[in-house]
Structure formats: C-alpha cells, structure tokens
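Welcome to this guided tour. Keep your viewer open, and select each stop as you reach it.

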Amino acid sequence: MVTQITKGIKISVLTSFEGTYFKNYKIHFAFSYEITIENFSKDSVQLTTRHWEIYDALNNKEIVDGEGVVGKKPVLKPGEIHTYTSGCLLSSPIGAMKGSYGMINFTSTKSFTVIIPTFKFSAPFALN
C-alpha cells in the first residue's frame, strides 16, 4: 500500500492483478486499484475532478482527465472516509499510475489539489 497526505487529505492505494485479456488481437493485462480517501482536515471537502498519468513498461503513457471518481463527486466531512475501486488495462505486465484530485474546501470555498502517489502494477509472473 502507498499513502500520501496533502492538506489534511490522506490517499491510500492498494493494487491487484486481475488477469489477461485479448482485445483487438492484442493481449492486455488487467489491474484493479482500491483508493481510500480520508479527511483529516477540520473542513468539509468535495472531490470534483481527477487527473491520471498511466504508464506501462513499454513506455506508453496515457493521460486521463475527468469529473469525480467512478461517477461520484464525494463530499467528506472531517474524519470521514470514501473508498472506491477502479481498474485499467496495460499493454505490458508492469506499469504505474499517479495523479491528482481537484477538491473544494467548503469553509474557504477555495479549490485545491490533492496528490495521488505513484502506485505500481505488476503481474505475479513478471517478477523474478
């Protein structure tokens, strides 16, 4: 598990290899990740946007930007936790993701960025 705290918001990530899939006559490696967002600040916050940088061992890089996470824009009061699971397909059995969440502080009404630490993907058979 990797974790990082930015402005009182703790991000924790667990990853898992889900298997291989054929898509467009090419093998893909499926991974899932579970993200836990914990609000250790004294203010209520809302996650509004996400930014991802997805890498694989073949030096492919994909950028994904969008609203919320898995169709939600969670509001976290002080001490609250939000957990969700998502996934990605890579062209190689090893890769990584990193990114950030755009959030709003309801007390100050200011937007801020929370860093999502780099987390790695590796299929068990790819390790020596």
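A pocket here is an open set of grid points where a 1.4 Å probe fits, with protein on both sides within 12 Å along at least five of seven lines. Keep in mind that the model you are looking at is predicted.

**Stop 1: the pocket**

With that definition in hand, look for the largest pocket, which has a volume of about 170 Å³. To find its centre, select Tyr33, Trp52, Val64, Ser86 and Gly87, the closest to that point among the 14 residues of the lining. Next, colour the strands β4, β5 and β7, the elements that give two or more residues each to this lining. Which element provides the largest share of the lining? That is β7, with five residues. By character, the lining divides into ten nonpolar, two polar and two charged residues.

**Stop 2: the nonpolar core**

In soluble globular proteins, nonpolar side chains tend to be buried together. In this model, the largest nonpolar core has 25 residues. Select Ile11, Ile35, Ile37, Trp52 and Tyr101, the residues with the most contacts inside this core. The elements giving two or more residues to the core are β2 (residues 9-23), β3, β4 (45-56), β7 (81-90), β8 and β9.

Now centre the view on Ile37 and show its surroundings. Leaving out residues up to four places away in sequence, Ile37 touches Ile9, Lys10, Ile11, Leu47, Leu76, Glu80, Ile81, His82, Tyr84 and Tyr101.

**Stop 3: the aromatic rings**

A pair of aromatic rings is described by the distance of the centres and the angle of the planes. How many aromatic pairs does a search of the whole structure find? The search finds ten. Start with Phe29 and Phe125, a tilted pair with 6.2 Å from centre to centre and 45° between the planes. Phe29 lies in strand β3 (26-39) and Phe125 in the segment after β9 (111-122), so this pair ties together parts that are 96 residues apart in sequence. Are these two rings' residues buried or exposed? Phe29 is buried, because its relative accessible area is 7%, under the 20% cut-off. Phe125 counts as exposed, because its relative accessibility is 53%, over the 50% cut-off.

Then select Phe119 and Phe121, an edge-to-face pair with 5.6 Å between the centres and 85° between the planes. Phe119 counts as buried at 2% relative accessibility, and Phe121 is buried with a relative accessible area of 1%.

To see how these four residues fit in, select Phe17, Phe29, Phe31, Tyr33, Trp52, Tyr101, Phe119, Phe121 and Phe125 together: they form one aromatic cluster.

**Stop 4: three residues in strands**

Select Ser100 in strand β8 (94-105). At 16% relative accessibility, Ser100 counts as buried. Apart from neighbours within four places in sequence, Ser100 is in contact with Thr49, Arg50, His51, Thr113, Val114, Ile115 and Ile116.

Move on to Ile54, which lies in strand β4. Ile54 is buried, with a relative accessible area of 10%. Beyond its neighbours within four places in sequence, the contacts of Ile54 are Asn60, Lys61, Glu62, Val64, Cys88, Leu90, Ala96 and Met97. Try your viewer's distance tool on Ile54 and Glu18: they are 36 residues apart in sequence and 17 Å apart in space, C-alpha to C-alpha.

The third residue is Leu14, in strand β2. Leu14 counts as partly exposed, at 39% relative accessibility. Not counting residues up to four places away in sequence, Leu14 touches Met1, Ser32, Tyr33 and Glu34. Leu14 and Thr3 are eleven residues apart in sequence, with 9.4 Å between their C-alpha atoms.

**Stop 5: two loop residues with a positive phi**

Most residues other than glycine have a negative phi. Select Lys7, which has a positive phi of about 50° although it is not a glycine. Lys7 is placed in the loop between β1 (2-6) and β2, and is exposed, with a relative accessible area of 60%.

Finish at Val70, another non-glycine residue, whose phi is positive at about 40°. Val70 is found in the loop between β5 (61-67) and β6 (75-76). With a relative accessible area of 47%, Val70 is partly exposed.

Definitions and conventions: Residues numbered from 1 in each chain as written. Predicted model: local features only at pLDDT ≥ 70, side-chain atom pairs only at ≥ 80, totals over all residues. Heavy atoms only, no water. Helix = DSSP H or I, 4+ residues; strand = E, 2+ residues; numbered from the N terminus. Buried < 20%, exposed > 50% of the residue type's maximum accessible area, 1.4 Å probe, protein only. Contact = heavy atoms within 4.5 Å. Phe/Tyr/Trp six-rings, centres within 6.5 Å; stacked < 30°, edge-to-face > 60°. Core = buried A, V, L, I, M, F, W, Y, C linked by side-chain atoms within 4.5 Å. 1 Å grid on protein atoms, 1.4 Å probe; cavity = no way out; pocket = protein on both sides within 12 Å on 5 of 7 lines; lining within 4 Å. Points joined across faces, edges and corners; volume = space filled by probe spheres on them. Nonpolar A, V, L, I, M, F, W, Y, C, P; charged D, E, K, R; others polar.
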